[in-house]
Amino acid sequence: MDLVIKNGTVATASDSFRADVGIRDGRIVALGEGLSATREIDATGRLVLPGGIEAHCHIAQESATGGMTADDYRSGSISAAFGGNSCFVPFAAQHRGMGVLETLALYDSRAEGASVIDYGYHLIITDPTEKALGEELPAAFARGVTSFKVFMTYDLMKIDDTQFLDILSVARRHGALTMVHAENSGIIRWMSDRLVAKGHTAPRYHAISHPAAAEIEAINRAITLARFVDAPLMIVHVSTDEGAALVAGARLEGARIFAETCPQYLFLTRDDLDRPGMEGAKFMCSPPLRDAATQQALWRHLQLGTFSLFSSDHAPYRFDASGKLAKGPGASFRQIANGMPGIALRLPLLFSEGVRKGRITLNQFVALAATNAAKLYGMHPRKGTIAIGADADIAIWDPEETRTVTLADQHDNMDYTPYEGMTLTGWPVTVLSRGEVVVDAGRLVARPGRGRFVARARPDFTGYPGGRAPELDPARNFGAEIDP
Ligand code: URP
Ligand code: ZN
Ligand code: ZN
């Protein structure tokens, strides 16, 4: 063995136990007592957890209107590693007129030589042409990009219901997972037009312009469409109790419907959008922040398993003319980039407020930090767990360390953190990726560019019954051969 992590408490999504972890050639080769090797890390009093997998983040990505995220694969991956992650899956965004494979090539050029941790991409599909659906998406799946996101809102990105059905059908046929940004575009436009016409342009009106009803309607429609063709669906960044309840109901009926929520919906509220001057712009994201009662409801859904994923939705736009204030200090909420940073604080927030405060178990934490993402995005058991044969992607946590969040301690390219001043207990100390120490005691010790692209498999949906609409079943539709 090259390396042994000794004397720690190992936790997976199911078990916690005292064991040494033996590593050779970047993989875990032994779990046992009294292991030894030439190099040893003493983890006495510490937790030895699978490295986090950040499954929703926007890195080196242009928005449809041209704004670039502040983080690239170097700063984004470094920031992720300091936050206890040893793998991340940012988006590769197709904009209209771009080919799918052209999009992947562009993101390859952005990621190669830059990342300190392993990475994959989810595609964003905004232009589902015949070629994209018939040739390019299958080619993308074959090269290990087995998930992709679509939008039901944003004028330059949204797809209509017919396109959504086409896309879901392709995903179903190839065993890929569709992710959806579920908000009703018409409600948002209708509300925004009226607010702006009355001069209500301050950041706080962003929350009013994206009402809960917009998310609830779109989640309901997305679930209906996915269930109609029996395609698995991941509803990302769910922000409402009612939206989560729709997911829970569909899951109870055996549908292959999954959901994600994000720290901002548990730790911030729409009152943050009402901070003085333009400060509220720092807290603008879509779907928007809700209220304290919704925070409690989302915690309940997290506890009960409605949410398989807890991701940061790190979408870093600086609070200056390169980001949030690109249209000037008096910009209307409609002109301000949506999104906020959080890639480094996702796990410390969940550990401190979830595990330390007794809301979730350590094993639930591990599932939400890494294992569920690895399973749903086709990386398990190579990543997302501590088991013989798995990549030695490991985060060693000090569960007692208490720190106050400050911008000065962040490693991203941002000029603010929405979590400034929060005091959190439990922090990652040492993060390994394929057996190599990336971060140790507050220092970066790995070389940008060492991170590798992870070709992901098709997710395994065995155990989720699913079932398509009777009108698509030749035994029940008078023999019509409609192959979804
Ligand atoms: O406001 C957000 N969440 N911006 C990032 C893009 C997205 O929709 O996830
Ligand atoms: Zn989204
Ligand atoms: Zn996002």
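Q: Before we look at the metals, what makes four donors count as tetrahedral?
A: Four donors count as tetrahedral if all angles lie between 85 and 135 degrees. Keep in mind that this is a predicted model.

Q: Good to know. So why is the arrangement around the zinc ion (ligand 3) tetrahedral?
A: Its 4 donor atoms subtend angles of 89 to 122°, and because these fall inside that window, the arrangement is tetrahedral.

Q: And what are the ideal angles for four tetrahedral donors?
A: For four tetrahedral donors the ideal is 109.5 degrees.

Q: Which protein donors does the zinc ion (ligand 3) have?
A: They are His-56 through NE2, His-58 through NE2 and Asp-313 through OD, at 2.0 to 2.1 Å from the ion. Along the sequence, these donor residues follow the spacing H-x1-H-x254-D.

Q: Okay, the other zinc. What coordinates ligand 2?
A: Lys-149 (NZ), His-181 (ND1) and His-237 (NE2) coordinate the zinc ion (ligand 2), at 2.1 Å. The spacing of its donor residues in sequence is K-x31-H-x55-H.

Q: How far apart are the zinc ion (ligand 3) and the zinc ion (ligand 2)?
A: The two ions are 4.1 Å apart.

Q: Switching topic: where does ligand 1 sit?
A: Ligand 1 sits in the largest pocket. Residues around ligand 1 include the zinc donors His-56, His-58, Lys-149, His-181, His-237 and Asp-313. Also among its neighbours are Phe-151, Cys-285, Ala-315, Asn-338 and Gly-339.

Q: How does that shell split by class?
A: The shell around ligand 1 has 3 nonpolar, 7 polar and 2 charged residues.

Q: Which polar atoms lie by the oxygen atoms of ligand 1?
A: A side-chain N or O atom of Lys-149 is 2.9 Å from a ligand 1 oxygen, and a polar side-chain atom of His-56 lies 3.4 Å from one. Ser-286 uses its backbone instead, with an N or O atom 2.8 Å from an oxygen of ligand 1.

Q: And how much of ligand 1's accessible area does the protein cover?
A: The protein covers 93% of the 270 Å² that ligand 1 has on its own.

Note on methods:
Residues numbered from 1 in each chain as written. Chains lettered and ligands numbered in written order. Predicted model: local features only at pLDDT ≥ 70, side-chain atom pairs only at ≥ 80, totals over all residues. Heavy atoms only, no water. Near = heavy atom within 4 Å. Polar contact = N/O pair within 3.5 Å; in protein donor to acceptor, adjacent residues only side chain to side chain. Areas by Shrake-Rupley, 256 points an atom, 1.4 Å probe, with all protein chains shown as cover. 1 Å grid on protein atoms, 1.4 Å probe; cavity = no way out; pocket = protein on both sides within 12 Å on 5 of 7 lines; lining within 4 Å. Sits in = over half its atoms within 2 Å of the grid points. Nonpolar A, V, L, I, M, F, W, Y, C, P; charged D, E, K, R; others polar. Donors = N, O, S within 2.8 Å, 3.2 Å for Na, K, Ca; no water. Tetrahedral: all angles 85-135°; square planar, octahedral: opposite > 155°, others 65-115°.
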